[in-house]
Amino acid sequence: MAHISFSEAKNWNFCPFYHKLMNLDKVKGFQGNAFTAFGNAIHDTCEKMMTEGLEQKGPFFQLKFKEILENLPEDANKDPKLVNSMQNQGPLILDEVLPAMEEHFGEYEVLAAEEDLMEMIEDFPCKEKNKFKGFIDLVIKTSDGKTHIIDWKTCSWGWDARRKSDPMMTYQLTFYKHYWAKKHNVDPKTIETHFALLKRTAKSDRVEIFRVTSGKIKTQNALKFLEKAIYNIERRNFIKNRLACRRCEFHKTEYCT
Ligand code: SF4
């Protein structure tokens, strides 16, 4: 293992054996559906809007969505009624992105979109030299000199309070903040992180931006979690978490009976 991403660590946390199947054996599990196609098309359109000032966001989204849907496996869920409603919902969300950004951040400058992270993990000892890998959706700078890391999340109506504070959801931003600060050699105190919820079925306020804080203790906890994941992956301790089987696509398949 030369690098680990947040989603790999999350897979390990879900079930170490699932992580082995997905990330080491590269068994093709879930390969997408209309929901992931919608999310990817919205992400791509947001990136263009932020970096190139794309104005024709509706047509761009429709093209991307169609293209991604066409590349899905034959048996993926592409229910025509659902796809049709998504074709209407996408532009409504996209119309609210820039106003929501302005309302939340005021004046800002885009520093990067889809920024790659590949930072050496030096926070704890590992058997191998590992790197943390990530893709940051958006990095902006506001007039008060602060840097903001933003991750777009498409969802249906939104997230409840439990989900908004769930460590396994928010550690993603904790890692991004920690390793982005290392990459650019800046004080983490000058960085804030946010999720931007892009709500498909909401009737109003389709874009909700909320801040996730990651202080010293939370960062330490996130790094302890990463250390535990790497320690076990390096030693090939792939125990089966039977409590997760109900939610796993490999359950009762040739890969995991
Ligand atoms: S079926 Fe259960 S044990 Fe097997 S990979 Fe999935 S979650 Fe892990």
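Where is the place of lysine 252 in this predicted model?

**View 1. Lysine 252, with a positive phi in the segment after helix 8.** Lysine 252 has its place in the segment that comes after helix 8, which covers residues 216-234. Although lysine 252 is not a glycine, it has a positive phi of about 60°. The residue is exposed, with a relative accessible area of 67%, and that value lies over the 50% that marks an exposed residue.

**View 2. Helix 4 and its buried face.** Helix 4 takes in residues 57-70, which makes 14 residues, and from its first C-alpha to its last it reaches 20 Å, close to the 20 Å expected at 1.5 Å a residue. Which residues of helix 4 are buried? They are Lys57, Gly58, Phe60, Phe61, Lys64, Phe65, Ile68 and Leu69. When helix 4 is seen down its axis, these buried residues fall within an arc of 160°, so they line one face of the helix. The buried residues pack against helix 3, residues 34-52, and against helix 5, residues 80-105. On the other side of helix 4, by contrast, Leu63, Lys66 and Glu70 are exposed.

**View 3. A salt bridge between helix 4 and helix 5.** Side chains of opposite charge can pair when their charged atoms come close. Among the 15 salt bridges that the structure holds is the one in which the side chains of lysine 57 and aspartate 95 meet, at 3.7 Å from N to O. Lysine 57 lies in helix 4 and aspartate 95 in helix 5, so this pair ties together parts that are 38 residues apart in sequence. Lysine 57 is one of the buried residues of helix 4, whereas aspartate 95 is partly exposed, with a relative accessible area of 48%.

**View 4. A salt bridge within helix 4.** Lysine 66 forms a salt bridge with glutamate 70, and the closest N and O atoms of the pair are 3.4 Å apart. Both residues lie in helix 4, where they stand 4 residues apart, about one turn of the helix. Lysine 66 is exposed, with a relative accessible area of 51%, and glutamate 70 also counts as exposed, at 55% relative accessibility.

**View 5. The pair of glutamate 208 and lysine 199, and a network of salt bridges.** The side chains of glutamate 208 and lysine 199 meet in a salt bridge, at 2.9 Å from N to O. Is lysine 199 buried or exposed? Lysine 199 is buried, with a relative accessible area of 10%, while glutamate 208 counts as partly exposed at 21% relative accessibility. Elsewhere, salt bridges that share partners join Asp44, Lys64 and Glu67 into one network.

**View 6. The largest pocket and its lining.** About 1,700 Å³ of space lies in the largest pocket. Its lining is made by 44 residues, and those that lie nearest its centre are Ser7, Lys10, Thr36, Lys153 and Gln172. Several elements each supply at least two residues of this lining, namely helix 1 (6-14), helix 2 (16-24), helix 3, strand 3 (131-142), strand 4 (147-155) and helix 7 (167-184).

**View 7. The largest cavity.** The structure holds 1 cavity of 30 Å³ or more, and about 100 Å³ of space lies in the largest cavity. Of the 14 residues that line the largest cavity, Cys15, Tyr18, Cys245, Cys248 and Cys256 are the closest to its centre. Which helix gives the most to the lining of the largest cavity? Helix 2 does, with 3 residues.

**View 8. Phenylalanine 135 and its contact with glutamate 114.** Phenylalanine 135 lies in strand 3 and counts as partly exposed, at 42% relative accessibility. Leaving aside residues up to four places away in sequence, phenylalanine 135 touches Glu114, Glu115, Asp116 and Tyr176. Phenylalanine 135 and aspartate 151 are 16 residues apart in sequence, and their C-alpha atoms are 9.4 Å apart in space. Glutamate 114, one of the residues touched, lies in strand 2, residues 108-120. This glutamate has a positive phi of about 55° although it is not a glycine, and at 32% relative accessibility glutamate 114 counts as partly exposed.

Definitions and conventions:
Residues numbered from 1 in each chain as written. Predicted model: local features only at pLDDT ≥ 70, side-chain atom pairs only at ≥ 80, totals over all residues. Heavy atoms only, no water. Expected span 1.5 Å × (residues − 1). Buried < 20%, exposed > 50% of the residue type's maximum accessible area, 1.4 Å probe, protein only. Arc of directions from axis to C-beta. Contact = heavy atoms within 4.5 Å. Salt bridge = Lys/Arg side-chain N within 4 Å of Asp/Glu carboxyl O. 1 Å grid on protein atoms, 1.4 Å probe; cavity = no way out; pocket = protein on both sides within 12 Å on 5 of 7 lines; lining within 4 Å. Points joined across faces, edges and corners; volume = space filled by probe spheres on them.
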